[in-house]
Amino acid sequence: MSSRGSGADRAAGAVLALAGVAVGIEATTFDVAFLTDPVGPKALPFLVAITCTVAGVHMLMTPREAVDLPPGDAATRMAAAAGGFLAYAAAMPWIGFFLSTTLVVAGLAYLFRGPWKGGLLAGLTLSTALWLLFVRVLALPLPVGTLWTR
Amino acid sequence: MDSLSQLLHGFGIALQPLNVGFALGGVAVGTFVGMLPGIGPINAIAILIPVIFAAGMPPESALILLVGVYYGSQYGNSISTILLNVPGTASAVVTAIDGHAMTRDGRGGPALAISAIASFVGGTLSIFGLVLFAPVLATWAIRFGPAEYFALMVFAFSALSSFAGGSLMRALAATAFGLWLATVGLDPNSAIPRYTFGRLQLLDGMDFVVVTIGLFAVSEVFQLLEETDGGRATAAAFGRVAVSGRELARSGWTMIRSSVLGFLVGVLPGAGGTIASFLAYSTEERIAGASGRFGRGDVRGVAAPESANNAAANGAMIPLLTLGVPGSGTTAVLLGALLGLGVTPGPLLLEEQPDLFWGLAASMYVGNAFLLLLNLPMVGVFVRALQVPRWILIPSVAALAFVAVYAVNGSAFDLVLMTLFGVVGYLMRTFDFPLAPVVLGLVLGPLMEKNLRRAMALSGGDWGVLFDSPIALVLWGLAALSLLAPLLLRRVSEELADSAGLAEASGPSDED
């Protein structure tokens, strides 16, 4: 872990405060023709907006001394994992649950520094087991993949 | 003795073969997830929910399974805490002090045995409390109107925010984030879309399973990627899992006192197992005085927190079932599961669905007995699971989480949302925001808004109605008090954590 100064905490506070303001601005557009109750749909969003803005400004003014940010190579592996999960979501309807899950498990095993053959084997085993459990036992459909069914 | 006959009826339900199987399965899964890094009861329950919905299980069986995972994880957690000095949750941090000291002395076996027995005592005594007090609270809670419910939920939020540890501001922001997520989708009163970003998939709102798995499980995967050693954990040799009669006798009163204390703390929203185990440990340390070897491997130092956190976990079921207001992230997920099963917890639950409540209470006795039987002779088997290399374990859990998220709506879009919540959860952990208030906000948000609007509709827009009744005033007072209480409590717990000398990097999650 590498420690950076209070800058990161300040930045997070600024993001939080801005998010609060954005939530509040969006809430002003929740107009209804006639109100079914005296409170309306705006009250809770406004409460959220105020809390986030106040907390964000508070962080901005009194940041923590140090925030533990991940070192470079860990950050790269995390980004790779997040990218892999998004690719998994995109690919699943297309190449099907079985192949996409095998690949995402193998990829994740590799990121955790496992041997790639072992990862692939783990992926195949899991995909098979999950397919049997969900499709055969629970009768919950999982995508076969449009690529193969066309 | 109406409760007794009801409980006997409950045993009739709990002892049906299927329900015995679910109780056993639940506690076994719970022991595993409590022990292994990176899963935790909240993820295990969230992953099981789509499976339960798909299988069309009756609500009482589903609840027996999920609650089994919940209290079973308290047992499992102490195994890795004692043997590896890696407390998986904050509530096990105190157990590590004397538990690991005993392991270093080569007395890991007795430590495991006393923890299993203490957990059993805490578990069973608190079920007794549950059976005794839940009906009382239910008859009392019937008088709750929308204004009282609103105040109660504010109390739950403020209590969890202030006991979450760390900065109150950040915890309140986390609560607000959860409440914001709750507003996403069509507003039930006016039918206008809120924060849907023009996405049809968001009109139905955010599913709490997707959010929970993203925030907790996926962010945990990111966090574990940070730890560069891919190696496996090696547990110390622990010998025979048994405890001498003398040591057991010495910790008898400790277990009973800690169970009562843990139960009472558990009933309060927000406090939960962490506060319960800290309080029980420091109380027993004071009672033992100079005769104790607290901090250097005293059996009572293991017995106290273990009885207390199991009792607290069961005590937390009271507000969940009789008021419908959970006080922690995990019980919030349980509430979400109940609502999804068509069960509305509240004061009428005991009357309208006695099978559910009494069946559950009886099954908790069955499950705790299983846990004692499982834990004493089979710890070796569980410990072997700790040796599974991380590169197999974590991707496997991730795959389970993915398939559960997909199964919620049968949509790959939820996997995208899950990943986004994973990134948000990781950032929240990095910047010291607690995660549990987000889940509580998401699950309770719609109920809170509904009760606020109903109270205001009844009063014709007069805000004074929120402070009209004595019950509401007491709840507002408790909410205010809970924001001040941790200042005092934190001083005690920081002192203890310092003496524990635990590595910060082990990063116990904020969930119990």
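## Surface and charge of chain B

In this predicted model, chain B has an accessible surface of about 18000 Å². Carbon and sulfur atoms contribute 65% of that area. The side chains of chain B include 23 that are positive and 32 that are negative. The centres of these two sets are 8 Å apart.

## Fold and packing of chain B

Chain B contains 21 helices and two strands. Its C-alpha trace extends about 65 × 55 × 50 Å along the principal axes. The radius of gyration of chain B is 22 Å, which agrees with the value near 24 Å for a compact globule, because the chain has 512 residues.

Buried residues make up 64% of the 512 in chain B. When contacts in chain B with a sequence separation of 6 or more are taken, 81% of them are between residues 24 or more positions apart.

## Two positions in chain B

Leu4(B) sits in helix H1 of chain B, which runs over residues 2–14. Its relative accessible area is 45%, and Leu4(B) is therefore partly exposed, since that class lies between the 20% limit for buried and the 50% limit for exposed. Leu4(B) and Trp358(B) are 354 residues apart along the chain, and 10.0 Å separates their C-alpha atoms.

Ile256(B) belongs to helix H11 of chain B, residues 252–267. With a relative accessibility of 37%, Ile256(B) also counts as partly exposed. Arg286(B) is 30 residues from Ile256(B) along the chain, and the C-alpha atoms of the pair are separated by 16 Å.

## Domains and fold of chain A

Chain A is assigned two domains: domain 1 covers residues 1–69 and domain 2 covers residues 71–150. A distance of 35 Å lies between the C-alpha centres of domain 1 of chain A and domain 2 of chain A. The secondary structure of chain A consists of five helices and two strands. Their order along the sequence is β-α-α-β-α-α-α.

The C-alpha trace of chain A spans about 55 × 50 × 25 Å along its principal axes. Chain A has a radius of gyration of 23 Å, whereas a compact globule of 150 residues would have one near 15 Å.

## Packing, surface and charge of chain A

Of the 150 residues in chain A, 43% are counted as buried. For contacts in chain A between residues at least 6 apart in sequence, the share that joins residues at least 24 apart is 67%.

The accessible surface of chain A is about 7800 Å², and 72% of it belongs to carbon and sulfur atoms. Chain A carries 9 positive and 7 negative charges, with the mean positions of the two groups 18 Å apart.

## One position in chain A

Val54(A) is part of helix H2 of chain A, which covers residues 43–61. Val54(A) is classed as partly exposed because its relative accessibility is 43%. Along the sequence, Val54(A) and Ala17(A) are 37 residues apart; in space, their C-alpha atoms are 6.9 Å apart.

Technical notes. Residues numbered from 1 in each chain as written. Chains lettered and ligands numbered in written order. Predicted model: local features only at pLDDT ≥ 70, side-chain atom pairs only at ≥ 80, totals over all residues. Heavy atoms only, no water. Helix = DSSP H or I, 4+ residues; strand = E, 2+ residues; numbered from the N terminus. Rg over C-alpha atoms; globule rule 2.2 N^0.38 Å. Buried < 20%, exposed > 50% of the residue type's maximum accessible area, 1.4 Å probe, protein only. Contact = heavy atoms within 4.5 Å. Areas by Shrake-Rupley, 256 points an atom, 1.4 Å probe, with all protein chains shown as cover. Lys, Arg positive; Asp, Glu negative; His and termini not counted. Charge placed at Lys NZ, Arg CZ, Asp CG, Glu CD. Domains from an automatic or database assignment.
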